[in-house]
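Walk through this model from its empty spaces outward. Start with the enclosed space, then move to the core, the open pocket and the overall fold.

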Amino acid sequence: MNLESQKVTIEKSAEETFNFLSDVKNFETLMPDTISKFELLGEDKFLFALKGMPEIVLKKKETIPNNKIVLGAAGGKLDFSLIATITEIDSNKSEVKLNFDGEFNAMMAMMIKRPISNFIDTLATNMVAAV
């Protein structure tokens with residue numbers, strides 16, 4: 001299953017946007033209002049829970065400076081990645097798109113498609129003000 005957020009324009013350089021997203025503690029400011037828990041588990045790992053959903057641990061798996069950050073599920077029953085792709089528009093403006101990529105059976109995919117789509121769109125929308 002592959003889901004994409006809308007592209008959002010950030011009034012910061014690609015480097016500043018990358019640096020913000022590389023610091024996993026900043027993801028707390030991007031979370032939707034329905035967050036019930038956020039906890040740092042290290043410099044590259046955090047746990048979060050949305051109301052009515054199980055806790056999820058994300059770990060920074062890969063970075064390509066000023067261009068891409070890959071967060072992946074760290075343990076648990078679901079295996080997926082959340083990929084932020086950053087494109088420089090000019091020296092003070094960049095564009096970000098989030099991709100959610102995971103392997104799920106058809107039943108699970110049907111159940112989580114809408115909540116995950118809403119979640120990544122909220123993360124992307126909240127970036128505009130937070131970065």
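**From cavity to fold**

The lining of the largest cavity holds eight nonpolar residues, no polar ones and no charged ones. This is a predicted model. The lining residues are Leu-21, Phe-27, Ile-69, Leu-71, Leu-82, Ile-83, Ala-84 and Leu-98. Strand S6 (68–73) and strand S7 (80–90) each supply at least two of them. S7 has the largest share, with three residues. The volume of this cavity is about 40 Å³. A search of the whole structure finds one cavity of 30 Å³ or more.

Now follow one lining residue into the core. Leu-21 lines the largest cavity. Which residues does Leu-21 contact, leaving aside its neighbours within four places in sequence? They are Phe-27, Leu-30, Ile-69, Ala-84, Ile-86, Val-96 and Met-127. Among these, Phe-27, Ile-69 and Ala-84 also line the largest cavity.

The largest nonpolar core has 37 residues. Leu-21, Phe-46 and Phe-48 touch the most other members. Helix H3 (residues 106–130) gives the most to this core, eight residues. In soluble globular proteins, nonpolar side chains tend to be buried together.

Next comes the open space. The largest pocket has a volume of about 490 Å³. Its lining counts 26 residues, and Met-53, Pro-54, Ile-56, Leu-78 and Ile-116 are the closest to its centre. Strand S4 (45–50), strand S5 (56–64), S7 and H3 each give two or more residues to this lining. Which element gives the most to the lining of the largest pocket? H3 does, with six residues. The pocket lining divides into 20 nonpolar, four polar and two charged residues. S7 thus appears in both places: S7 supplies residues to the cavity lining, and S7 gives residues to the pocket lining. H3 contributes to the pocket lining and to the largest nonpolar core.

Step back to the whole chain. The protein chain has three helices and eight strands. Their order along the sequence is β-β-α-α-β-β-β-β-β-β-α. The radius of gyration is 14 Å, close to the 14 Å that the globule rule gives for 131 residues, so the chain is as compact as a globular protein of that length. The C-alpha trace spans about 45 × 30 × 25 Å along its principal axes.

Two chain-wide values complete the picture. Buried residues make up 40% of the 131 residues. Of the contacts between residues at least 6 apart in sequence, 49% join residues at least 24 apart.

How values were computed: Residues numbered from 1 in each chain as written. Predicted model: local features only at pLDDT ≥ 70, side-chain atom pairs only at ≥ 80, totals over all residues. Heavy atoms only, no water. 1 Å grid on protein atoms, 1.4 Å probe; cavity = no way out; pocket = protein on both sides within 12 Å on 5 of 7 lines; lining within 4 Å. Points joined across faces, edges and corners; volume = space filled by probe spheres on them. Helix = DSSP H or I, 4+ residues; strand = E, 2+ residues; numbered from the N terminus. Nonpolar A, V, L, I, M, F, W, Y, C, P; charged D, E, K, R; others polar. Core = buried A, V, L, I, M, F, W, Y, C linked by side-chain atoms within 4.5 Å. Buried < 20%, exposed > 50% of the residue type's maximum accessible area, 1.4 Å probe, protein only. Contact = heavy atoms within 4.5 Å. Rg over C-alpha atoms; globule rule 2.2 N^0.38 Å.
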